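Here is a friendly walk through one assembly, in questions and answers. Have a look at the structure first, and then let's talk about its inner spaces and the places where its chains meet.

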Amino acid sequence: VSVPVELSLGELAVRFGLKLNGDPSLKVYRVATLANARDGCLSFFANSRYRRQLATTQATAVVLNEADAAECPAAALIDRNPYLTYARISALLHPQPVIEPGIHPSAVVAPGARVAASASVGPLCVIEDDAEIGERVLIGPGCVVQRGARVGADSRLISQVNLYHGVTIGQRCILHAGAVIGADGFGFAPDGGAWVKVPQVGSVRIGDDVEVGASTTIDRGAVEDTVVENGVILDNQIQIGHNVVLGEHTAIAACSGISGSTVLGKRVQVGGMVGISGHLHIADDVQILGCSLVSASIKKAGTYSSSMPVVEARRWRRMVAVLRRMADKER
Amino acid sequence: VSVPVELSLGELAVRFGLKLNGDPSLKVYRVATLANARDGCLSFFANSRYRRQLATTQATAVVLNEADAAECPAAALIDRNPYLTYARISALLHPQPVIEPGIHPSAVVAPGARVAASASVGPLCVIEDDAEIGERVLIGPGCVVQRGARVGADSRLISQVNLYHGVTIGQRCILHAGAVIGADGFGFAPDGGAWVKVPQVGSVRIGDDVEVGASTTIDRGAVEDTVVENGVILDNQIQIGHNVVLGEHTAIAACSGISGSTVLGKRVQVGGMVGISGHLHIADDVQILGCSLVSASIKKAGTYSSSMPVVEARRWRRMVAVLRRMADKER
Amino acid sequence: VSVPVELSLGELAVRFGLKLNGDPSLKVYRVATLANARDGCLSFFANSRYRRQLATTQATAVVLNEADAAECPAAALIDRNPYLTYARISALLHPQPVIEPGIHPSAVVAPGARVAASASVGPLCVIEDDAEIGERVLIGPGCVVQRGARVGADSRLISQVNLYHGVTIGQRCILHAGAVIGADGFGFAPDGGAWVKVPQVGSVRIGDDVEVGASTTIDRGAVEDTVVENGVILDNQIQIGHNVVLGEHTAIAACSGISGSTVLGKRVQVGGMVGISGHLHIADDVQILGCSLVSASIKKAGTYSSSMPVVEARRWRRMVAVLRRMADKER
């Protein structure tokens, strides 16, 4: 159950070191957009495309930059990084549901599993032998934690998450429904025209403060482990191949795929629907724009792209034709 | 359990207002392709590439256009839109299994959940507090309906569907296995090199007559709701970001992804593996061809593309090289 | 439970017909990379980029080519196809866990289901009426096998796999978590601006020795069946549309999608994130490079590509601009 929270602007200003233009005794109890905020709502202004909505907002308070404060018709909570401050206030106003410790009677917990007394194991979960569920962990309904997998303190598997055998998850992680961690990598040796499966004997190690989106899959290593370092954030429907390493605070948007044995540095930002080939190294602080393909290592920080935007289909057909013709001329 | 159905051509002609060339007392009991139809089968002809198969079909009856009726060796059910009429007859011949009302004893239904007496809740489902399951709804095996989620009358969650807290599903919807509705959107505020989660306090509202394919994910809104309007059809493995709005009767093919806050109009058709960036507006009746990227708003109905078809790899390498050379010359 | 295995190099040489440089009484008990191998480890050398690691490996034995044997500081197991031989030895050293026959008491097995006495049905599975589970099959935790679906001998559904009604799976297959076999194909007839569902009355037939990755979806046929022939290997998050046929030993990497009614020949290799349009024929032995689009049939074996690799974003923008300009000039 969520506990409703109400906070005064004065408390918020003190807590986050904000300058306040307005009555410190005013209270907010939830966040809202500038356009739809009503009495008791907190909003934020960080994107100039919403300037008109700022002028007419009915929010009780708005978090924004000093430079924009004069335009704010409501109380202003002023900060250099309004979106970040907004995120932190929102987390106070909308806390995670309180975890009720205990194992639901319908869960199937093997005798050799170790579940912390403060953890919650939801209905119809399966926790296999030698699995380890840390303090205050939430295992939501229908999750499967196979033998020897471990979940660190304060992590949350929301619903129907699958952890294969031996996988380890750090602390304060969030894994969304349908995430599959530790399925076999795609390793096969050709034998004439056929394929012989190469056993995937590595595992997956996920650090602390990692978020994994719905239906994202992270394969176990072929021999050594697939590694996701601290603070990595992964959107939905991402595929991470075997033996990949994702460096700290790397962020990947939905529907992207990283092929086997590729290493991403720290703070790499990968747009949606990006493909990265196998056995590459991507330097720290690289940004890849959405719908691009990376097929060679990138050694230098910077922004890279091969994303081709749509035009009218008739014009596009001419673009394809002219490119083909020019290439054929050169033969 | 499905109930077998047998219908006479006369009944069909009357019911759907079709012209019949043939014996009205002939009966059909299932659909088949022109090539594999046998006695008692109904087929259709709507694509000229199958003309040769029409000539030799052993179907008892074929639904087709007036113009093609002369070529039909079987009884002909004649209509201007044969594929649509075929779809409707097929639905009569192959009805959905009858729902057996009741809650399976292995399901875990919270005391505060409201389940209509005519609804069916399958084995090993979890229905949390304040969830609401409407009349004649089918909740198939292993589904999770979190607190406060609502499913409208006659909708079907086939198997292992996940509805997060507070999500609403309209009437007559079909959600396939592995669909995840209402996971957190990908919202994080940068804090130096790290990321701070922005609570996702909106929800998802899905209208009536919506179909959601297997493993498709629709994220909850950051502040307001993600909205899927009536009659939208979504194929498998589609990702819909937070705060997206999909207009009525929009259709999206498999593996596509729509980034956050983008609004698609009515009757938009999106091919497979299309990426659409965030914060865009796509006009009514726009068509996007498969494997394209949309990175700017589209204000005018029409067909748009950036899909680049394969050629032999050697030729393709020349195409890439010539394009790079020309761009570099211009510097 | 896995059973630990230890094998002497002499046994391995005899069993696989290998030439051995070294002491036949030495034993290995697990595989490792050249870099991290220790006493008792078996490694392999098949990619020249790891030559330096060969020189310093501490493996007990290395599987490699005759030509490289002189460089091997450890015992050498010599074969023409070292990776294949390594795969086979690894399977001996790391056998699949032994299946414990029986039905877990928490599984819900319908009275009309037929489960072989040697099969294992895990906790919280649902096996519906008329389903058939063959000899020594493993149905892992949380799987759903709908009415009339059949699983052949020695196949393994690892966890939370979904088989829709009537689907058939051959022998010795492996299906990973979240795979969905037999959901409805994306078949709708336009009716003015709206869509009418076309019943999907075909099924899915999967042959022997097929592997299906995590969250891969294979739709049931519209009228006839979707077919996956023997020895096909499918990575994670692949979408296979209705009525597709995948020929023997075809291999598809992650995140690719095959649209409805397309037929792939034998031994086709499809890279990651490839889209293939509907109603096409792809010849035997075709290779499609990653992130490409196939929108026309391919009649000749060979390698095909439309994968566009990233460059610096500024340079990429010039490439797009010059292409547009040239196409527009031609109008």
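Q: Which residues lie nearest the centre of the largest cavity?
A: This is a predicted model, and a search of the whole of it finds seven cavities of 30 Å³ or more. The largest cavity has a lining of 23 residues. Those that lie nearest its centre are A:C291, B:C291, B:S306, C:C291 and C:S306.

Q: What is the volume of the largest cavity?
A: The search counts cavities of 30 Å³ or more, and there are seven of them. For the largest cavity, the computed volume is about 430 Å³.

Q: How many charged residues does the lining of the largest cavity have?
A: Sorting that lining by class gives 14 nonpolar residues and nine polar ones. Cysteine counts as nonpolar here, and A:C291, B:C291 and C:C291 are among the residues nearest the centre. As for charged residues in the lining, there are no such residues.

Q: Which residues are closest to the centre of the second largest cavity?
A: The second largest cavity holds about 160 Å³ of space. Its lining is made of 17 residues. The closest to its centre are A:G178, B:Q160, B:G178, C:Q160 and C:G178.

Q: How many polar residues line the second largest cavity?
A: Glycine is put in the polar class here, and A:G178, B:G178 and C:G178 are among the residues closest to the centre of this cavity. The lining has five nonpolar residues and no charged ones. The number of polar residues is twelve.

Q: Which axis relates chain B to chain A?
A: Chain B superposes on chain A with an RMSD of 0.1 Å. The operation is a rotation of 120 degrees, with 0.0 Å of shift along its axis. That relation is the one given by a three-fold axis.

Q: What turn lays chain C on chain B?
A: The fit of chain C on chain B has an RMSD of 0.1 Å. The shift along the axis is 0.0 Å. The turn is 120 degrees.

Q: Why can one say that chain C and chain B meet through different surfaces?
A: The test is to ask which interface residues of chain C are also interface residues in chain B. A low overlap means that the copies meet through different surfaces, and the overlap here is only 20%.

Q: Which residues of chain B lose the most area to chain A?
A: Here 70 residues of chain B are in contact with 63 residues of chain A. About 5,200 Å² is buried between the two chains, and carbon and sulfur atoms give 64% of that area. On the chain B side, three residues together make up 13% of what is buried, and they are B:F186, B:W195 and B:L293.

Q: Which residue of chain A forms a salt bridge with B:D191?
A: Between chain B and chain A there are four salt bridges, along with 22 residue pairs in polar contact. In the bridge made by B:D191, the closest N and O atoms are 2.9 Å apart. Its partner is A:R88.

Q: How far apart, N to O, are the side chains of C:R318 and B:D328?
A: Chain C and chain B share four salt bridges and 22 residue pairs in polar contact. A salt bridge needs the nitrogen to be within 4 Å of the carboxyl oxygen, and C:R318 and B:D328 form such a bridge. Their N to O distance is 3.5 Å.

How values were computed
Residues numbered from 1 in each chain as written. Chains lettered and ligands numbered in written order. Predicted model: local features only at pLDDT ≥ 70, side-chain atom pairs only at ≥ 80, totals over all residues. Heavy atoms only, no water. 1 Å grid on protein atoms, 1.4 Å probe; cavity = no way out; pocket = protein on both sides within 12 Å on 5 of 7 lines; lining within 4 Å. Points joined across faces, edges and corners; volume = space filled by probe spheres on them. Least-squares fit on C-alpha atoms with pLDDT ≥ 70 in both. Contact = heavy atoms within 4.5 Å. Buried area = accessible area lost by both parts, 1.4 Å probe. Polar contact = N/O pair within 3.5 Å; in protein donor to acceptor, adjacent residues only side chain to side chain.
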